[in-house]
Structures are given as structure tokens and as C-alpha cells.
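Dear colleague,

I am passing on the structure we spoke about, and it is shown just below. My notes on its charged side chains follow after it.

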Amino acid sequence: MKNIVLIGFMGVGKGSVAREIVKQSDLVALDTDDIIESMENRRIKKIFAEEGEEYFRVLERKVAQWLQKEVRGTLISTGGGFFKVPNLSKIGTVVYLSAPFETIHNRILAHPDAEKKLRKRPLFQDIDKAIKLYDERSALYKKAADIIIDVSNKEISDIAKEILKKVK
Ligand code: S3P
């Protein structure tokens, strides 16, 4: 089976959806940010602060190459900028989780650990810059996707069901 690759903006719920898909199926999940953090033994925030964004993007491309070569039949959640790696579609079926910026922002703010959720994301420090990034990326996410799932106003369990049904 092909991998399933979840893409979408920071905070849209790629991780939560991945965990729900795992619950509903026999799939095992990987997360590209988690892989990078364990490769580096430091948090994304620290990698950005100490090395800069481009260093992080190089690591994403390295992870992408490995996924393409070595990983099969796996659910892969990704960081919000991972979709820009070369040959994304060769990793697996690309599923874009889509929602308006406001929905995403409210979702983060509604989280009991909202402050931490925001703090750990270097590109979500300034709301105007985050909106700009969202606007720049929206069309690109769509272009990169095989399947687009509108996740606004849907239960996580229904989103997971919808994805599993569509990738079959
Ligand atoms: C990023 C998103 C983050 C993380 C890094 C860069 C981005 O992942 O990979 O901070 O460029 O959108 P999440 O989408 O899980 O927040």
C-alpha cells in the first residue's frame, strides 16, 4: 500500500487526525517534525533559533528522500512547510487538510495548552506574518494534494473516516 501523507497549515490538526486514523486502522504513523527532532535531539523551536529556517528545510528534504526510498504503507504527518520538498507525490497519496485561517487560529487558542502550542511554532509568533504565510501557501497546498479534505466544523473521527475511505 502507498503511504498517506498529511499536509496542511500549522495547527490545522494533522497530528490529531493522524492519531485518530491510527486508532481506526492498523496503520502505523510517523511525523516528520518528530523525526527531525530525534535526529537533532532538540526541539524545532531550538533548531530554528540556533541554525535558522534553511537548515531545518534541508533536514526536511533529507527526511523526504528517506521516506520516498524506505517507507511503505505508513501514515505520515508533516510539518506545515514540508509539502515543498521535491517529489512529494512520490512519497505517497497526498492529503491536504484545509480550513480557513480563523478556524485554525481558534482551534489553537481553544487548546488547554494554547500558549505552548503557539510558542513551539517559530512561524506562528507574529499573527500578521502567519496570515501572510497562510495566504501564500493555500493555493500551493491545493496544487500539491491528491485529495483535499475540508476539516472545518467536522469531528476528528469523521475526518479520519473520510480519509480512510478516500485513500482505499
Ligand atoms: C512549519 C510548521 C511546523 C514545523 C516548523 C515549520 C511551517 O509544523 O515544521 O515550525 O513551515 O509551517 P506544524 O505544521 O506541525 O506546526
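Is glutamate 51 buried, partly exposed or exposed? With a relative accessible area of 38%, glutamate 51 is partly exposed; please keep in mind throughout that this is a predicted model.

The side chain of glutamate 51 meets that of arginine 42 in a salt bridge, with 2.8 Å from N to O. Arginine 42, for its part, has a relative accessible area of 17%, and because buried means under 20%, arginine 42 counts as buried. This salt bridge therefore joins a partly exposed glutamate 51 to a buried arginine 42.

A salt bridge also links lysine 46 with glutamate 50, where the closest N and O atoms are 3.8 Å apart. These two residues lie 4 residues apart in helix H3, which covers residues 44–51, so that about one helical turn separates lysine 46 from glutamate 50. Lysine 46 is partly exposed, at a relative accessible area of 45%, and glutamate 50 is likewise partly exposed, at 45% relative accessibility.

The residues named so far belong to a network of salt bridges that links Glu40, Arg42, Lys46, Glu50 and Glu51.

Another salt bridge is formed by the side chains of arginine 61 and glutamate 54, with an N to O distance of 2.8 Å. Here arginine 61 is partly exposed, with a relative accessible area of 34%, and glutamate 54 is partly exposed as well, with 47%.

The structure holds 15 salt bridges, among them the ones between glutamate 51 and arginine 42, lysine 46 and glutamate 50, and arginine 61 and glutamate 54.

With best wishes

Technical notes
Residues are numbered from 1 along each chain as its sequence is written. This is a predicted model: local features need pLDDT of at least 70, side-chain atom pairs count only at pLDDT 80 or more; totals for chains, interfaces and linings use all residues. Side-chain values use heavy atoms; hydrogens and water are left out. A salt bridge is a side-chain nitrogen of Lys or Arg within 4 Å of a carboxyl oxygen of Asp or Glu. Buried means under 20% relative accessible area, exposed over 50%, partly exposed in between (1.4 Å probe, protein chains only).
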